[in-house]
Amino acid sequence: MIAPLRLVWLALALWGAIHPMYWFLRYMRETGTGLGGLIDAWYVNASTTGLTWDLTIAAIALTVWIVAETVSQRRWLNLVAIPATFCIGVSCGLPLYLFLRSRPAA
């Protein structure tokens, strides 16, 4: 049985994957600009640029943490949280990593 806290991490990872992606896809569909247009929108003003950098720095910090723990603990599956972080977002990558790292040792 999965521990309740692990279920919370998993639920947050799923929410962090689905909810932001809904808005990204909606934006790209409405504007017809595709991924390039979405990335351009992240830098449309100082507020969105600041948020983009905030999330980028958080993603880099999370990646360093994931790599450091994965190498020391040799739990290689945890590395899947890195592409989840950069391809989907920190809202998916962080709870996914917490879910993975909280599994019982084999």
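These legends describe close-up views of a predicted model.

**Figure 1. The whole chain is built from helices, with five helices and zero strands.** From the N terminus on, the elements run α-α-α-α-α. The C-alpha atoms fill a box of roughly 50 × 25 × 20 Å, taken along the principal axes. The chain has 106 residues, and 28% of them count as buried. Its accessible surface comes to about 6900 Å². Carbon and sulfur atoms account for 75% of that surface. Contacts also reach along the sequence. Among those between residues at least 6 apart, 53% join residues at least 24 apart.

**Figure 2. Twelve residues form the largest nonpolar core.** Ala13 and Ala17 belong to this core. So do Leu62 and Ile66. Ala81, Ile82 and Ala84 are also members. Cys92, Leu96, Tyr97, Phe99 and Leu100 complete the set. Four helices each supply at least two of these residues: H1 (4–31), H3 (46–73), H4 (81–87) and H5 (90–101). H5 gives the most, with five residues.

**Figure 3. Cys92 is a core residue with contacts to other parts of the chain.** Which residues does Cys92 touch, not counting residues up to four places away in sequence? The list is Ala13, Gly16, Ala17 and Ala84. Among these, Ala13, Ala17 and Ala84 are core residues too.

**Figure 4. Helix H5 is mostly covered.** H5 has twelve residues. From its first C-alpha to its last, H5 reaches 16 Å. That is close to the 16 Å expected at 1.5 Å a residue. How many residues of H5 are buried? The count is nine of its twelve residues. Val90, Cys92, Gly93 and Pro95 are among them. Leu96, Tyr97, Leu98, Phe99 and Leu100 are buried as well. The buried residues of H5 pack against H1, H3 and H4.

**Figure 5. A nonpolar patch of about 620 Å² lies on the surface.** Leu35, Ile39, Trp42, Tyr43, Trp53 and Ile57 make this patch. Helix H2 (34–41) and H3 each give two or more residues to the patch. Leu35 sits in helix H2. Is Leu35 buried or exposed? Leu35 counts as exposed because its relative accessibility is 55%, and the cut-off for exposed is over 50%.

**Figure 6. Arg26 and Glu30 form a salt bridge within helix H1.** Side chains of opposite charge can pair when their charged atoms come close. Here the closest N and O atoms are 2.8 Å apart. Arg26 and Glu30 are four residues apart in helix H1, so about one helical turn separates them. Arg26 is partly exposed, with a relative accessible area of 29%. Glu30 is exposed, with a relative accessible area of 57%.

**Figure 7. Arg101 and Glu69 form a salt bridge between two helices.** The closest N and O atoms of this pair are 2.7 Å apart. Arg101 lies in helix H5 and Glu69 in helix H3, so the pair ties together parts that are 32 residues apart in sequence. Arg101 counts as partly exposed, at 32% relative accessibility. Glu69 is buried, with a relative accessible area of 14%. A search of the whole structure finds two salt bridges. One of them is Arg101 with Glu69.

Notes: Residues are numbered from 1 along each chain as its sequence is written. This is a predicted model: local features need pLDDT of at least 70, side-chain atom pairs count only at pLDDT 80 or more; totals for chains, interfaces and linings use all residues. Side-chain values use heavy atoms; hydrogens and water are left out. A nonpolar core is a set of buried Ala, Val, Leu, Ile, Met, Phe, Trp, Tyr and Cys residues joined through side-chain atoms within 4.5 Å. Buried means under 20% relative accessible area, exposed over 50%, partly exposed in between (1.4 Å probe, protein chains only). Contact means heavy atoms within 4.5 Å. Patches are made of residues with over 30% relative accessible area and no salt bridge: like charges are joined within 9 Å, nonpolar side chains (Val, Leu, Ile, Met, Phe, Trp, Tyr) within 5 Å. Accessible areas come from the Shrake-Rupley method with a 1.4 Å probe; for residues, only the protein chains shown count as cover. A salt bridge is a side-chain nitrogen of Lys or Arg within 4 Å of a carboxyl oxygen of Asp or Glu. The expected span of a helix is 1.5 Å times one less than its number of residues.
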